[in-house]
Amino acid sequence: MSDLTELISWTCSRCDGKTKGFEVIELIVDVQHCLQAYVGVAKDLNAMVIAFRGTQEHSIQNWVEDLYWKQLDINYPGMPGAMVHHGFYYAYHNTTIRPGILDAVMRAKDLYGDINVMVTGHSMGGAMASFCGLDLVVNHEARNGQVLTFGQPRIGNAAFASYYSDLVPHSIRITNGHDIVPHLPPYYPRFPQKTYHHFPREVWLYNIGFGSLVYQVEKVCDSSGEDPSCSRSVTGNSIADHVVYYGVGLMAETWRSCKIVTDPRLKEYGGEDVNGNLMLSRNPSAAALRLPSDSDANSNFS
């Protein structure tokens, strides 16, 4: 979305139905890097939700081509042998996105205590969501979180995937049909320690049937992160499968650049930094979320 007023007030055309009642408490727009994320509270989930915007669909083709050549080039701090690509890592850690999110997480904890946290994103947003979920555990002692991504690329090597699955065990990567992005950067099974490797657990969506009798099924994959009977069993060659998940189009309705639309009402939520990036904050209503019980706090989304 480019209209930030509709987004922070949750009055957009999609801000209804299953997401009705959700309240945004922080909206971060990194204009320099064309990144966007928001943090909110959901009464029906009894949770804080952190969501990252994915790659804009009109730049996906170029972005996908670039994914073929991304190298494992930096070590993840504090994890011997774990390597990631600096572009994925920096998009979360070295932009205005991370401080904005951490500020909102702290505010929500002050209001609601140690509530559940759900981190989600699509495409490049899924990669950022993965780093965010790990950051909350490693550096901010989060104990009751879940990461749920859609069509995310590989972000690190096998050592990183092993650390990740131990530290963020309640992680699910949804993949869809022949979606090209989960196949990238490439995985080379003959060089398991030198190549990118997905963390578990994948849930693969695929169609079965014939003609008009076609329906979608979910397959829960093994704990390796690279189950050869899931999305790796097919050719990853579809951008169309990348931009629609569960029948929901994960893309803008019309093409837009990184330009955003604002109006004077946004001033009450915050403003710009010296680089033109936006961090907008609002307080949720008292009815937005009930305080979690002890059983909720210990559930870990099991």
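Two strands are taken to pair if DSSP finds at least two bridges between them. In the predicted model described here, strand 1 (residues 23-30) meets this condition with strand 2 (residues 35-42), the two running in the antiparallel sense over 7 bridges. Within this pairing, Val 24 has Gly 40 of strand 2 as its bridge partner. The two strands form a hairpin with 4 residues between them. Strand 1 also pairs with strand 14 (residues 278-281), again in the antiparallel sense, over 4 bridges. Here the bridge partner of Ile 28 is Met 279 in strand 14. Of the 8 residues of strand 1, 8 are buried, so the strand is largely enclosed by the rest of the structure.

The chain as a whole contains 7 helices and 14 strands. It has 302 residues, of which 50% are buried. Among contacts in the chain with a separation of 6 or more, 72% are accounted for by residues 24 or more positions apart. The exposed area of the chain is about 14,500 Å², and carbon and sulfur atoms supply 54% of that area.

The structure holds 4 cavities of 30 Å³ or more. The largest cavity has about 70 Å³ of space. Its lining consists of Val 117, Val 119, Gly 133, Leu 136, Val 137, Ala 142, Gly 145, Gln 146, Val 147 and Val 168. Three elements each supply at least two residues of this lining: strand 6 (116-122), helix 5 (124-140) and strand 7 (145-150). By residue class, the lining of the largest cavity comprises 7 nonpolar and 3 polar residues, with no charged residue.

Backbone geometry was examined next. Most residues other than glycine have a negative phi, and most peptide bonds are trans. Cys 34, although not a glycine, has a positive phi of about 55°. This residue is in the turn of the hairpin formed by strand 1 and strand 2. Cys 34 has a relative accessibility of 24% and therefore counts as partly exposed, a class that lies between the buried limit of under 20% and the exposed limit of over 50%. Glu 141 is another residue other than glycine with a positive phi, near 55°. Glu 141 is placed in the loop between helix 5 and strand 7. With a relative accessibility of 67%, Glu 141 counts as exposed.

Cis peptide bonds were found at two sites, described in turn. One joins Leu 184 and Pro 185, with omega of about -20°. Pro 185 is located in the loop between strand 8 (171-176) and strand 9 (202-210). A cis bond also joins Pro 200 and Arg 201, where omega is about 5°. Arg 201 likewise belongs to the loop between strand 8 and strand 9.

A further loop residue, Gln 71, is found between helix 2 (60-67) and strand 4 (74-75). Gln 71 counts as exposed because its relative accessibility is 51%, and the class requires over 50%. Leaving aside residues up to four places away in sequence, Gln 71 touches Val 84, His 85 and Tyr 196. The C-alpha atoms of Gln 71 and Gly 156 are 9.5 Å apart in space, while the two residues are 85 residues apart in sequence.

Note on methods:
Residues are numbered from 1 along each chain as its sequence is written. This is a predicted model: local features need pLDDT of at least 70, side-chain atom pairs count only at pLDDT 80 or more; totals for chains, interfaces and linings use all residues. Side-chain values use heavy atoms; hydrogens and water are left out. On a 1 Å grid over the protein atoms alone, a cavity is a set of points where a 1.4 Å probe fits but cannot get out, and a pocket is an open set with protein on both sides within 12 Å along at least five of seven lines; lining residues have an atom within 4 Å of a point. Grid points are joined across faces, edges and corners, and a volume is the space filled by probe spheres set on the points. Ala, Val, Leu, Ile, Met, Phe, Trp, Tyr, Cys and Pro count as nonpolar, Asp, Glu, Lys and Arg as charged, and the others, Gly among them, as polar. Buried means under 20% relative accessible area, exposed over 50%, partly exposed in between (1.4 Å probe, protein chains only). Contact means heavy atoms within 4.5 Å. Accessible areas come from the Shrake-Rupley method with a 1.4 Å probe; for residues, only the protein chains shown count as cover.
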